[in-house]
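Notebook open, viewer loaded. I want to see how the pieces of this one fit together before doing anything else with it.

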Amino acid sequence: MKDGRPTLGALLRALRARNSWTLKEMSDHSGIPISTLSKVEHDRLTLTYDKLLQLSQRLNIRMSELFAENDTGAEPQVTARRSIGDVDRAVRVNTRNYDYYYLCTELRRKRMIPLITRIRSKSAEEFGELVHHLGEEFIYVVSGRIVVHTEFYDPVPLEEGQSIYLDSNMGHAYVTGKDCDEAVVLAVCSSAEDGLMDSLMNLHGDDVERELAKV
């Protein structure tokens, strides 16, 4: 593990060392091919959401540990770490209303969680119940148009290039705007409290499991 820049690969190496497993034994326990585990450990590959879910379930690890939010230990004030975001290498989560692309997932203990989101629902009725989670979030419309529904305000339409910042604990939902089949937004979620990634993962819930069951 590199100082100030722990990665998913470093986490898997530490987990394997703690259990005195070979790569083959790790593969047998997790159900993930040896070649894939080797690439992840060397930070040449990330894992899709279904593989992370499989890993957490089979190895009895919380999903948030794999996203690195709750690593313990003192962190240097200057970490000099960085990560290049790439949608092709993002952790993808498909749900009824959104397709999420979690970016820069190899960085541990991020204070912000960046993601690209494709929005498909066309109305609040189609979306369903408003969602709540820890922290605050910033949304920037990359393409298309959206309507932002919130618990305490009237719906707000946003065009390409516009943005909104809101309290994520307030019920909210993003749907496509008039004559728009699909919109793409850049989202940045942040929280001063621990557990943000757990909070986000809980939003995916049964929708994700149903999608994965079809694969």
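I started with strand pairing: five bridges join β5 to β8, and the two run antiparallel. Note to self that this is a predicted model.

Next I looked up who else β5 talks to. Strand β5 covers residues 146-150 and also pairs with β6, again in the antiparallel sense, over three bridges. That fits the sheet listing, an open sheet of three strands in the order β6-β5-β8. The edges are β6 (156-158) and β8 (172-176), each of which pairs on one side only. I also pulled the twist: neighbouring strands here are turned by 25 degrees against each other on average, direction ignored.

Which residues stand opposite Val147? I checked both neighbours: Pro157 in β6, and Val175 in β8.

Then β8 itself, buried or exposed? Five of its five residues are buried, so β8 is largely enclosed by the rest of the structure. I split its side chains by direction: His172, Tyr174 and Thr176 point one way, while Ala173 and Val175 point the other way. That is the pattern I'd look for, as in a regular strand the side chains alternate between the two faces of the sheet. Both sets in β8 are buried.

Moved on to helix α2, residues 23-30. Its buried residues are Met26, Ser27 and Ser30. Why do they sit on the same side of α2? They cover an arc of only 100 degrees around the axis, which puts them there together. The general rule I keep in mind is that an α-helix has 3.6 residues a turn, so residues three or four places apart point the same way. On the other side of α2 I found Lys24 and Asp28, both exposed.

What do the buried residues of α2 pack against? I got three helices: α1 (8-18), α3 (34-41) and α4 (49-59). Just past the end of α2, I noted that Gly31 takes a positive phi of about 80 degrees.

Last, the whole-protein numbers. I count seven helices and nine strands. Of the 215 residues, 47% are buried. The accessible surface comes to about 11,700 Å², and carbon and sulfur atoms hold 48% of that. For contacts between residues at least 6 apart in sequence, I get 66% joining residues at least 24 apart.

Conventions. Residues are numbered from 1 along each chain as its sequence is written. This is a predicted model: local features need pLDDT of at least 70, side-chain atom pairs count only at pLDDT 80 or more; totals for chains, interfaces and linings use all residues. Side-chain values use heavy atoms; hydrogens and water are left out. Buried means under 20% relative accessible area, exposed over 50%, partly exposed in between (1.4 Å probe, protein chains only). Helices (H or I, at least four residues) and strands (E, at least two) are DSSP runs, numbered from the N terminus. The arc is that of the directions from the helix axis to the C-beta atoms. Contact means heavy atoms within 4.5 Å. Two strands pair if DSSP finds at least two bridges between them. Axes are lines fitted to C-alpha atoms, for helices over the stretch in contact, and angles run from 0 to 180 degrees between N-to-C directions. Accessible areas come from the Shrake-Rupley method with a 1.4 Å probe; for residues, only the protein chains shown count as cover.
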